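Please walk me through the empty spaces and the charged pairs of this protein. Keep it short and plain.

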Amino acid sequence: MNIDFAQSAANTLGIEWEIALVDRDNGDLRSVAQEVLDGVRVAAGLPEGQEHPRVTQELLSNTVELVTGVHTLVADARQELSETLAEVRAVTDPLGVELYSAGSHPFAQPTQQPVTDKERYSKLIDRTQWWGRQMVIYGVHVHVGVDHHAKALPIVDGLINYQPHLLALSASSPFWGGDDTGYASQRSLMFQQLPTGGLPFHFDQWSEYEKYVADMMHTGVVDELNEIRWDVRPVPRFGTVEMRICDGLSSIREVASVAALTQCLVADMSAQLDAGRHIPVMSTWFRVENKWRAARYGLDAIIILDSAGNEKLVTEHLADELTRLTPIAKRLGCEEELADVWRIVTDGAGYQRQRAVAGAPEGDLQEVVLANTRRLRIED
């Protein structure tokens, strides 16, 4: 099998942001995605049967996904998200629906959430059964352009080295079905139960990746390339590497900050490869452990830095990396957004805010949802 990698300008980016639709008064999920999709389509003057290019369907009918076009600057992608969010709000506000973004909904019963009426979603649920019916989860994905397919797989490996950093920053799914799981990110561990989900395999050559895809298709594991849902993956049709690590983030500021961090990391790795250097590949067992530690402990995780087993508190290593990446951010025009990464550390990640709200004297899981919707509205 030959998989062509599309031409893409280096370091350009696009963002995908999954948004849950919740009741304004009680915070429960509302399965009105089709009404929202129809509403934004009509408002944009698009004919019936044509989807809005920036607001799309997702697995569950309580969810819409906001997507950007291709941008050079994170600030431009951020502005586009803000404009699209306003289009969605023009439809959801009259419905009494608020917009919610976190890794999971804290009290909704997963198996009671209707699935979008689409063949590929029905097929996924039919195959995965109980695990598939648990997928009441939401994330943020960032695509970054890579100018040659030979760079794609090394950059995938490189971004996995930063999985604990990105997951700790975004972790926002401590509650599941009304219970505190004890984890910062339940979503990340839940999603990896799906076939082809979770950590990517390591391939030394593009041809090995092509062989893997051919094997998956031949044996019926997947029908299409996009059904390979790794935490980081190459996306040949766009010519990008896609970072899919992050839990849902409750403000555009935070979405922009992780987009900037991802863009800077990819740009740095691309430059290293151009200079003839290699991207270190973490031992598989350490990659698995790092993901678990970040999912369990969030910003308090002590992570493994290399195959020698050296360790450091994730926030300490993140501080070092932000200093190292600042000159790259200046060149890419995302210095302000990269600096906002540290605001998450100082202000608290989503899982920390949720537990603080739930544990307050008047707090409960309903208030966890409503506090999230207020934050998203204030900071959009």
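The text below takes the cavities, then a pocket, then the charged side chains.

This is a predicted model, in which local features need pLDDT of at least 70, side-chain atom pairs count only at pLDDT 80 or more, and totals for chains, interfaces and linings use all residues. Residues are numbered from 1 along each chain as its sequence is written, and side-chain values use heavy atoms, with hydrogens and water left out.

Start with the enclosed space. Rolling a probe the size of a water molecule over the atoms shows where empty space is left. On a 1 Å grid over the protein atoms alone, a cavity is a set of points where a 1.4 Å probe fits but cannot get out. A pocket is an open set with protein on both sides within 12 Å along at least five of seven lines. Lining residues have an atom within 4 Å of a point. Grid points are joined across faces, edges and corners, and a volume is the space filled by probe spheres set on the points.

How many cavities of 30 Å³ or more does the structure hold? There are two. The largest has a volume of about 60 Å³. Its lining includes Arg 253, Glu 254, Asp 340, Arg 343, Asp 347 and Glu 379. Two elements, α8 (252-274) and α11 (335-347), give two or more residues to this lining. Here helices (H or I, at least four residues) and strands (E, at least two) are DSSP runs, numbered from the N terminus. The most comes from α11, with four residues. By class, the lining has one nonpolar, two polar and eight charged residues. In this scheme Ala, Val, Leu, Ile, Met, Phe, Trp, Tyr, Cys and Pro count as nonpolar, Asp, Glu, Lys and Arg as charged, and the others, Gly among them, as polar.

The second largest cavity has a volume of about 40 Å³. Gln 163, Arg 187, Ser 188, Phe 191, Asp 231, Arg 244, Ile 245 and Lys 291 line this cavity. Helix α6 (186-191) and strand β11 (240-247) each supply at least two of the lining residues. The largest share, three residues, comes from α6. The classes here are two nonpolar, two polar and four charged residues.

Now the open space. The second largest pocket has a volume of about 330 Å³. Its lining counts 19 residues, and Gly 158, Asn 161, Tyr 162, Pro 280 and Leu 305 lie nearest its centre. Helices α4, α8 and α10 (314-332) give two or more residues each. The largest share, four residues, comes from α8. Nine of the lining residues are nonpolar, six polar and four charged.

Next, the charged pairs. A salt bridge is a side-chain nitrogen of Lys or Arg within 4 Å of a carboxyl oxygen of Asp or Glu. By this rule the count comes to 24. Accessibility is described in three classes: buried means under 20% relative accessible area, exposed over 50%, partly exposed in between (1.4 Å probe, protein chains only).

Take Asp 157 and Arg 287. Their closest N and O atoms are 3.2 Å apart in a salt bridge. Asp 157 lies in helix α4 (residues 149-161) and Arg 287 in helix α9 (residues 284-297), so the pair ties together parts that are 130 residues apart in sequence. Asp 157 is buried at 3% relative accessibility. Arg 287 is buried at 6%.

Arg 54 and Glu 80 form another salt bridge, at 2.7 Å from N to O. Arg 54 sits in the loop between α1 (33-43) and β2 (55-57), and Glu 80 in helix α2 (residues 74-92), 26 residues apart. Arg 54 is partly exposed at 26%, whereas Glu 80 is buried at 14%.

Return to α11. Arg 343 and Asp 347, which both line the largest cavity, meet in a salt bridge at 3.9 Å, N to O. Both lie in helix α11, four residues apart, about one turn of the helix. Arg 343 is partly exposed at 35%, and Asp 347 is partly exposed at 48%.

Last comes Glu 227, in the loop between α7 (206-218) and β9 (229-230). Which side chain of opposite charge is nearest to Glu 227? That is Arg 229, 5.3 Å away, and the buried Glu 227 has no salt bridge. For charge, Lys and Arg count as positive and Asp and Glu as negative; His and the chain ends are not counted. The Glu 227 side chain does reach the backbone nitrogen of Asp 223 at 2.8 Å.

Technical notes:
A polar contact is a pair of N or O atoms within 3.5 Å; within protein, one must be able to donate a hydrogen and the other to accept it, and residues adjacent in sequence count only if both atoms are side-chain atoms.
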